Amino acid sequence: MIYEFALAQPCIAPYPHEHIHASMHRLRHMLYRERVNWDVPEHLGMEFDEFDTLRARYLVGLDGSGKVVCQTRMITCDHPYMLAELWPDLATDRALPRTADTAEGSRSGLDVTLPTDQQRRWYGELQIANVEWALHHGGDRLNFVTYEQVAKGALEKAGLPVRYYGPAKPFPDGDFVAGYFPV
């Protein structure tokens, strides 16, 4: 099952999602710092960035022990979001949205130590949760930035009507592409 949570405002102890939040940031650290060695902020074995704000909403999949096994961060595009702020050069064919009816799913990932069948299941559940979240919040499309092979191999093969903001561009660890799909 996929759960949604946000940072508490104001943050008072005990924070009800503290173990989930920490587990999610540990998974992100494993994926982005340890596995692909991105130069992103870290603290105490957890990865975070400037988009982890009170506006962000997190969708996480929990295994039976309460450990986060997949996750994504959702931000509506009427606020600062990764594609527009960090990689606007990936959008050469279409203008980037700045409205609440488009959301960006970012820092998505899943525990790659899981067996392949479980990875597929969790990936599918996370994609469904992304679409349901967007629909529930009045969105009509979801932005993404990912490896070109993920966009072509997972999103398009899942039957999503993916549209791209421009061609893929080389990054240090692979070709990245930005796009969206209607929900």
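**Surface, fold and cysteines of the predicted chain**

The accessible surface of the chain comes to about 9,500 Å², and carbon and sulfur atoms supply 54% of that area. These values, like the others in this section, are computed from a predicted model. Beneath that surface, 44% of the 183 residues count as buried.

Turning to the fold, the chain contains four helices and ten strands. Followed along the sequence, these elements are arranged as β-α-β-β-β-β-α-β-α-β-α-β-β-β. A run of four strands thus follows the opening β-α pair, helices and strands then alternate, and three strands close the pattern. Contacts reach well along the sequence: among those with a separation of 6 or more, 64% join residues 24 or more positions apart.

The overall dimensions fit this picture nicely. The C-alpha trace spans about 45 × 35 × 30 Å along its principal axes. A compact globule of 183 residues would have a radius of gyration near 16 Å, and because the chain has 16 Å, the two agree.

Charged side chains number 18 positive and 25 negative. The centres of these two sets lie 2 Å apart.

Two cysteines deserve a brief look. Cys70 has a relative accessible area of 0% and is therefore buried, the cut-off being under 20%. Cys77 is likewise at 0% relative accessibility, so Cys77 counts as buried too. As for covalent links, a disulfide joins the sulfur atoms of two cysteines. With a cut-off of 2.5 Å between sulfur atoms, the count of disulfides is zero.

Terms used:
Residues are numbered from 1 along each chain as its sequence is written. This is a predicted model: local features need pLDDT of at least 70, side-chain atom pairs count only at pLDDT 80 or more; totals for chains, interfaces and linings use all residues. Side-chain values use heavy atoms; hydrogens and water are left out. Helices (H or I, at least four residues) and strands (E, at least two) are DSSP runs, numbered from the N terminus. The radius of gyration is taken over C-alpha atoms; the globule rule is 2.2 Å times the number of residues to the power 0.38. Buried means under 20% relative accessible area, exposed over 50%, partly exposed in between (1.4 Å probe, protein chains only). Contact means heavy atoms within 4.5 Å. Accessible areas come from the Shrake-Rupley method with a 1.4 Å probe; for residues, only the protein chains shown count as cover. Lys and Arg count as positive and Asp and Glu as negative; His and the chain ends are not counted. The place of a charge is taken as NZ of Lys, CZ of Arg, CG of Asp or CD of Glu.
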